[in-house]
Amino acid sequence: MTPFDYQRIPEAAAVPAQLTPTVRPLAGGTDLLTRLKACLDRPDALVDLKASDLGRAIDRVDGGWRLGALVTLSRIQHHPGLRADVPALAEAVSQAATPQLRNRATIAGNLLQRPRCWYFRNERVQCWLAGGEGCPARSGRNEHHAVFDTDGPCVATHPSDPAAALVALGATVTVLDGGGGERELAVADLLVPPTDERRVEHVLAADDVITAVTVPSAPRSTYLKAMDRAVWAFALVGVAAAVSADGEVRLVASGVANTPWRLAGAEAALAGPGLTPEAIDRAAAAATDGAAPLAENGYKLPLLRTLTHRALTAVA
Amino acid sequence: MDESDLPTWPPGTDLETVGTGVPRREAPAKVTGGAVYSSDLRLPGQLYAAIARSPHPHARVRSIDTERARRQPGVVSVIAGEEGGEGVTWYEESVPLFGPVARFAGDEVAAVAATSLEAARDAVRALNVDYEVLAHVVGIDEAQRPEAPSIHGTPGNRTTDPKVEERGDVAAALAAAPIRIEHTYRTPTAVHNALETHGAVAWWQPDRLTIWASTQGVTQVAQMTAEALGLDQSQVRVITEHVGGGFGAKQVPWKDVAIAALLSRRTGRPVQCAYDRHGENVAAGKRGATRQRVRIGADTDGRLLAIDAELVGDSGAYQTAGEAAALWGPYQGLYRCDNVRTSVTYVYTNTGPAVAFRAPGYVEAAFALESAMDELAHRLGVDPIELRRRNHTGVDQQQAKPWSSPDSLPLIYDRISALAGWDARPRNAPPAPGGDGGVRRGWGFAASDWLAGKANPPGYASVELRTDGSAEVVTTVQDIGTGTRTVLAQVAAEELQLPVEEVRVTLGDTAAGPPSPTSSGSATTPTMAPAVRAAAADARHQLVAAAARQLDCAPGDVTLDHGKLVAANSGSRTVAEVLEGLSPAAVHGWGELVAVDDSVSVRTFGAAVAEVSVDTGTGEVRVTRMVSVPDCGRVLNPTLVASQIIGGVTQGIGFALTESQLVDAELGLPVNDSLEEYLVPTVLDICPIEAVPLDRPDTGANQLGVKGIGEPPMIPVAPAIANAVFDAIGIRFHELPLTRRRVLDALAEAASPDESEPA
């Protein structure tokens with residue numbers, strides 16, 4: 001860890017203008033602290049959003065829910081309304097991390113976590129994503145890595161469980177920028193694969209702050225997760241399935257790509273709103289269309305098909 | 001008094017305190033945070049050390065520029081390179097403390113002492129080390145190749161010549177055997193990952209070096225540190241109050257001790273050196289990976305005719321003291337077989353050094369042998385437990401003498417079979433190959449032996465009676481968290497007829513008396529409990545003699561009866577009265593265990609039954625029930641014994657299902673060097689564990705009939721689970737751990753051997 005200043009700004013609206021590439025926001029800190037300790041991030045200053053009036057409320061809004069950016073995963077997990085109305089989100093947060101971490105971690109921060117790739121996180125390795133060259137995972141230990149879109153510069157998977165659920169639910173984030181401007185962005189558009197110029201998994205600028213997450217209702221939704229132990233592990237594969245208000249079925253996988261991965265082939269194979277056993281069989285088989293697994297992670301394909309099948313069966 | 005002078009406690013002896021579940025003595029301190037571990041220590045003026053580790057798996061250290069590090073705020077001392085190590089050598093290869101060559105990623109090259117840990121760590125980052133990177137090799141197969149880089153200049157990177165032991169004519173017996181099973185089994189590198197990392201505080205004062213160490217052996221740390229630093233052992237005092245887990249990794253001192261000592265000598269201040277979790281994962285010991293080529297020959301009744309085991313273990317970059325892995329053990333001893341050959345080779349690799357880890361070698365070998373035995377049972381259609389009965393031996397075939405408890409294993413088979421409901425277990429129809437056949441269930445069995453669990457003499461203890469009638473047990477031996485304090489108090493209380501609350505125990509300090517054994521080989525209780533009993537008996541005899549003098553009768557006429565000394569015809573006195581009358585002279589009993597009976601061979605046997613569920617769609621293996629029946633002789637404290645069984649089974653479940661240190665071959669780096677990625681089981685991964693020790697005094701082991709329990713319960717767990725997985729899905733695994741990846745890949749292969757995956 002390198003030394004940094006610690007700042008508190010009471011008005012959330014005043015925070016974005018203070019942010020720069022080296023003055024960064026701090027919320028739950030469950031990911032940022034581990035990055036600081038590994039010297040992956042070396043900020044000059046941290047602005048503690050918890051000291052501000054940034055949103056902490058869970059509000060019913062027309063057609064869904066609005067969650068303040070500082071809402072913790074624990075509160076989502078235990079919120080009766082969310083559990084009934086957007087079970088995919090409640091199930092995703094309840095399978096993330098541990099109770100202690102969920103008590104700290106915020107929903108907005110969860111979306112902006114960096115990958116847990118063990119090369120990216122290793123201080124002794126300078127991979128492309130960490131600002132260096134090459135991807136040691138591609139030819140190395142890649143059993144946890146991506147199976148889709150694996151010809152890019154990075155094969156790390158996105159670590160968030162809620163992100164897959166939120167994309168399946170069609171959720172959006174509200175973003176406040178340093179000039180005082182506010183915009184609405186689909187979570188599906190917030191999270192994008194890193195590029196040479198932007199080696200991070202989201203599109204936010206240095207002075208952007210997420211202020212809220214808006215989630216449309218989908219009582220028929222679920223999130224299933226496979227880990228190598230019962231709890232406290234990142235997803236090998238997760239699948240979110242959600243039936244929207246207009247009957248559209250969205251399927252999104254975690255643990256398989258740089259970002260939450262829409263299972264477009266599976267959605268197309270459903271060929272209509274009726275989730276019949278035959279349609280579910282077809283969709284599960286198509287879930288791995290386009291997959292290009294690495295040497296050690298071919299097992300993720302049958303896993304993805306099983307979880308897709310079970311998720312669809314659960315919301316049918 | 002020598003423990004062998006005391007009468008045995010045969011089975012059925014009426015005991016008051018021994019055998020009851022006295023709560024762990026230090027439990028209140030531990031649950032309230034009051035227990036002070038060496039990493040908690042804060043001495044006046046204490047400095048904090050951080051270690052610079054090589055980022056390369058194999059590299060020559062050309063130079064180390066310490067200038068910038070020395071200028072960092074708070075830095076008091078920097079020691080680097082060979083000169084910084086002041087001639088101290090380490091490991092069995094006697095390499096310099098900070099070598100000119102780093103042989104694994106994590107090998108120590110320098111250390112810093114500063115006024116805070118943060119300052120020390122910052123200074124380590126400010127060191128400028130110039131490395132010449134050398135070719136490296138990881139993995140035992142790769143290290144054995146002729147073209148592999150040589151790590152210590154030995155042929156095939158072997159640590160020594162293969163250790164071969166053969167009886168009978170294995171080749172002929174195998175060739176003639178009607179049934180043969182042959183496989184190559186592999187077990188992973190596993191890391192102890194004790195909750196408390198390795199750490200020590202050293203304070204070098206003019207006349208003495210005092211070390212507060214997180215160790216399993218205060219005496220051994222004093223010996224080895226004195227030797228390394230060129231001191232006499234009398235000049236080194238080692239104190240260990242509490243240990244947050246050792247599991248074998250703390251049975252020898254690691255460099256934390258020497259680094260703290262050298263920095264203390266330089267600075268004149270106490271220095272604390274504790275490993276961070278990364279250091280703990282890469283440079284503080286591991287259970288080395290194994291490759292075991294096993295061939296078994298049997299007759300059509302399942303009787304073993306021949307066992308041939310070619311065993312290779314990963315030693316890492318260096319060898320540590322003590323047995324890192326007795327891989328030959330179960331092959332040589334668990335079953336009756338006239339023709340057995342084991343060949344054991346340890347291979348150097350550019351990874352962290354291996355060290356003993358809970359039943360080292362036996363845990364690895366039992367997976368292979370007990371998987372093969374299960375396969376033999378299925379091949380012949382013989383019940384797996386019945387197959388073991390047919391191959392039972394009451395004799396140590398290596399030493400040609402009887403086991404001290406020759407009928408333990410058959411009794412264990414009876415007990416576990418009844419407890420588990422083995423004969424009534426559901427029999428699976430043969431599963432359809434592949435997934436997604438939903439969740440399937442299975443049962444598995446494995447037996448175990450362990451070469452230790454017996455006394456490791458000498459053990460010494462004293463018992464002093466206080467004027468209030470209470471007793472104080474003093475011994476140098478450490479309590480590594482297993483409850484040694486508690487059982488020693490129970491044994492003294494039994495002999496003195498005192499309530500256990502009136503026995504204090506002082507331990508874990510080399511200044512308190514003569515040497516004590518390292519807590520390894522499950523030896524602490526069988527060594528120390530007899531010594532403490534002898535000390536208490538000695539005190540009792542002195543007390544009786546004093547009472548006889550005071551009551552003016554012969555010692556033979558006085559009996560101790562729960563706090564009172566009663567003379568046959570001349571009244572009685574309380575213990576306190578006798579002691580008061582004796583004052584200022586005191587009753588100070590002395591006890592020792594200095595030898596063991598060599599006419600029998602002491603072993604600790606056991607068995608486990610596992611029930612599992614296997615989700616063929618997701619590859620998830622869940623252990624849903626474990627039954628464990630180990631033989632530890634007499635149970636001194638059922639609560640503490642159950643704790644050891646539960647702990648061993650838990651660690652065994654981790655070994656079977658999730659734990660494996662993964663190393664990137666090209667970079668030579670362990671990639672999962674944290675508790676986030678190295679998956680020890682969580683409480684939700686653990687099932688109900690039925691912990692039922694045989695509880696049969698083994699009076700061939702010692703007069704108390706007690707043997708060790710720390711290690712054995714782990715041994716049969718992984719093979720019992722693997723055999724249960726076979727029962728569930730019909731797939732025999734030859735490599736651990738059974739991750740989703742391994743299970744799903746196997747299911748895919750079973751479903752369509754010619755295609756890559758099932759539909």
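Ala, Val, Leu, Ile, Met, Phe, Trp, Tyr, Cys and Pro count here as nonpolar, Asp, Glu, Lys and Arg as charged, and the others, Gly among them, as polar. These classes are used at the second stop. The model on screen is predicted.

**Stop 1: the interface**

Show chain A and chain B in separate colours. Select the residues of chain B that are in contact with chain A: there are 38 of them, and they meet 35 residues of chain A. The area buried between the two chains is about 3100 Å², with 53% of it from carbon and sulfur atoms. Now pick Arg125(B), Arg740(B) and Arg741(B). These three supply 20% of the area that chain B buries against chain A, more than any other three residues.

**Stop 2: the largest cavity**

Turn on cavity display. The structure holds six cavities of 30 Å³ or more. Go to the largest one, which encloses about 170 Å³ of space. Which residues should be selected to find its centre? Of the 18 lining residues, Asp228(A), Arg229(A), Val621(B), Leu657(B) and Thr658(B) are the closest to the centre.

Next, colour the lining by residue class: eight residues are nonpolar, four are polar and six are charged. Then show the secondary structure around the cavity. In chain B, β29 (620–630) and α17 (638–657) each supply at least two lining residues. The largest share is that of β29(B), with four residues.

**Stop 3: Asp479(B)**

Centre the view on Asp479(B), in the loop of chain B between β22 (471–474) and α14 (484–496). Is this residue buried or exposed? Asp479(B) counts as buried because its relative accessibility is 1%, and the cut-off for buried is under 20%.

Show the side chain as sticks and look at two backbone nitrogens. The side chain of Asp479(B) reaches the backbone nitrogen of Thr484(B) at 3.1 Å. A polar atom of the same side chain lies 3.2 Å from the backbone nitrogen of Gly483(B). To see the surroundings, leave out residues up to four places away in sequence; Asp479(B) then touches Glu26(B), Glu241(B), Val243(B), Thr484(B), Arg485(B) and Leu507(B).

**Stop 4: cis peptide bonds**

Select Pro457(B) and Pro458(B). The peptide bond that joins them is cis, with omega about 0°. Pro458(B) sits in the loop between β20 (439–448) and β21 (459–465) of chain B.

Move on to Leu736(B) and Pro737(B), which are also joined by a cis peptide bond; here omega is about -5°. On the ribbon, find Pro737(B) in the loop that runs between α18 (717–729) and α19 (740–751) of chain B.

**Stop 5: positive phi**

Select Tyr91(B). This residue is not a glycine, yet its phi is positive, about 65°. Tyr91(B) belongs to the loop between β4 (89–90) and β5 (95–96) of chain B. With a relative accessible area of 11%, Tyr91(B) is buried.

Finish at Asp552(B), another residue other than glycine with a positive phi, in this case near 60°. Look for Asp552(B) in the loop between α15 (524–551) and β24 (558–561) of chain B. Why does Asp552(B) count as exposed? Its relative accessibility is 70%, and exposed means over 50%.

Definitions and conventions: Residues numbered from 1 in each chain as written. Chains lettered and ligands numbered in written order. Predicted model: local features only at pLDDT ≥ 70, side-chain atom pairs only at ≥ 80, totals over all residues. Heavy atoms only, no water. Buried < 20%, exposed > 50% of the residue type's maximum accessible area, 1.4 Å probe, protein only. Polar contact = N/O pair within 3.5 Å; in protein donor to acceptor, adjacent residues only side chain to side chain. Contact = heavy atoms within 4.5 Å. 1 Å grid on protein atoms, 1.4 Å probe; cavity = no way out; pocket = protein on both sides within 12 Å on 5 of 7 lines; lining within 4 Å. Points joined across faces, edges and corners; volume = space filled by probe spheres on them. Buried area = accessible area lost by both parts, 1.4 Å probe.
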